[in-house]
Amino acid sequence: MITYNIHELINSIEPFLAYRSKVGYTRNTTTQSNAADLKLFTGFIDQKDKHDITGKDVIAFQQYLAICRHNSPASINRKIFTLRAIQNYLELKGMPGAEQLPFKKVLKIRAPRPYRANFLEQDDIKKLFSCINRDCVLGLRDYAVYALMALLGLRVGEVHRLNLNDIDWYDNIILVKGKCDIERTLYLNNEIKMILENYLAVLLNIFRADKTDAFFVSKKGQRMAIRTIEDNFKKLIRTCGIEKHINLTPHTLRHTCATLLNEKEVRILTIQKILGHTNPNTTIYYYLHTPEHKMREALEKLPLNVYINQLINDG
């Protein structure tokens, strides 16, 4: 039986990544993740001083990720997806032995997904933005970054990819480039428009800001990195002292936007279009959270509450 060994797999990685990048239209971040996954797997097998790749090796790799690297089920499944993708690529190219690779037979790890309402109350939002120093250029920039996420529900990657020519100031609309390069157009109300204009008024004070098309620029004159947006948000959370039993990230602002729109009784399909979801179920299940005060109000409206309270009062 023809098998596929680890050295053949290693030699196939660069052509596979090039294929994914050029033909598969994957983003640089996805290609980098694929490369990291394959490097991790090939390194794991190479340490065992093995040549042929078996199903037992892949199971051992899953266990290694879970026990030694403390990866979540979702993270492990993503790495296995990368292995399946390279097997599909090798089979498509007709490489001998590729069909013997065990990647496509590996079971997906399923685990209960704990529900945690990841959003901020309105008081926390006010507290967050009041802590941003708007007396400096970078403060005005960060204020605009997080305002786009909280008021328009943009993803961190969408903010990162935003260019100067993506905003039509005459018609008050912004072109957002979402996942898989799917574009959507959102309306700029007067509040968000003023926030963006305040930032643009000082943009050229940033080093080499005139040398890039990026809307948000780092202090080094480059497109503001996703990691910078995330790290600045963590610092901001610590500064303003917001304490929650959830992991607060910039994405929390996107959830907050959806939750506030839902509170204002905006239609689900409208919220879906604002967020750029292809499936309304994603909007409903993962993004629409009910604040505690709303749940209390709903329960207090039960007719039985009045009756039972009357019985208690009557002794």
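# A tour of the predicted model

The protein has 14 helices and three strands; these are DSSP runs numbered from the N terminus, with helices being H or I of at least four residues and strands E of at least two. This is a predicted model, in which local features need pLDDT of at least 70 and side-chain atom pairs count only at pLDDT 80 or more, while totals for chains, interfaces and linings use all residues. Residues are numbered from 1 along each chain as its sequence is written, and side-chain values use heavy atoms, with hydrogens and water left out.

**Whole chain**

Start with everything selected. Of the 315 residues, 41% are buried, where buried means under 20% relative accessible area, exposed means over 50%, and partly exposed lies in between (1.4 Å probe, protein chains only). The accessible surface is about 19,200 Å², and carbon and sulfur atoms hold 53% of that; the areas come from the Shrake-Rupley method with a 1.4 Å probe, and for residues only the protein chains shown count as cover. Take the contacts (heavy atoms within 4.5 Å) between residues at least 6 apart in sequence: 60% of them join residues at least 24 apart.

**Salt bridges**

A salt bridge here is a side-chain nitrogen of Lys or Arg within 4 Å of a carboxyl oxygen of Asp or Glu. The count by this rule is seven.

Select aspartate 37 and arginine 78. They form a salt bridge whose closest N and O atoms are 2.5 Å apart. Aspartate 37 is in helix 2 (residues 28–47) and arginine 78 is in helix 4 (residues 73–92), so the pair ties together parts that are 41 residues apart in sequence. What is the relative accessibility of each partner? Aspartate 37 has 2% and counts as buried, whereas arginine 78 has 38% and counts as partly exposed.

Next, pick glutamate 158 and arginine 155. Their salt bridge also has its closest N and O atoms 2.5 Å apart, and both residues are buried. Add Arg184 to the selection: Arg155, Glu158 and Arg184 are linked in a network of salt bridges.

Then go to helix 9 (226–240). The side chains of glutamate 230 and arginine 227 meet there in a salt bridge of 4.0 Å, N to O. The two residues are separated by about one helical turn because they are three residues apart in helix 9. Glutamate 230 is partly exposed at 29% relative accessibility, and arginine 227 is exposed at 57%.

**The second largest pocket**

A pocket is defined on a 1 Å grid over the protein atoms alone, as an open set of points where a 1.4 Å probe fits, with protein on both sides within 12 Å along at least five of seven lines; lining residues have an atom within 4 Å of a point. Grid points are joined across faces, edges and corners, and the volume is the space filled by probe spheres set on the points.

The second largest pocket holds about 660 Å³ of space. To find it, select Ile125, Ala147, Ala150, Leu151 and Glu191, the closest to its centre among the 24 residues that line it. Now colour helix 5 (122–130), helix 6 (137–152), strand 3 (183–187), helix 8 and helix 10 (250–263), each of which supplies at least two lining residues. Which element gives the largest share of the lining? Helix 6 does, with six residues. By class, the lining has 16 nonpolar, three polar and five charged residues; Ala, Val, Leu, Ile, Met, Phe, Trp, Tyr, Cys and Pro count as nonpolar, Asp, Glu, Lys and Arg as charged, and the others, Gly among them, as polar.

**Two buried residues**

Stay with helix 10 and select histidine 255. This residue is buried, at 9% relative accessibility. Leaving out residues up to four places away in sequence, histidine 255 touches Asn118, Phe119, Tyr286, Tyr287 and His289.

Move on to glutamine 272 in helix 11 (residues 268–275). Glutamine 272 is buried too, with a relative accessible area of 11%. With the same sequence exclusion, glutamine 272 touches His277, Thr278, Asn279, Pro280 and Thr283. The C-alpha atoms of glutamine 272 and threonine 283 are 5.8 Å apart, with their positions 11 residues apart along the chain.

**Loops**

In the loop between helix 3 (55–67) and helix 4, select histidine 70. Its phi is near 55°, a positive value in a residue other than glycine, and histidine 70 is exposed at 65%.

Finish in the loop between helix 8 and helix 9, at arginine 208. Phi of arginine 208 is also positive, near 60°, and the residue is partly exposed at 44% relative accessibility. Aspartate 210 is in this loop as well, and is exposed with a relative accessible area of 55%.
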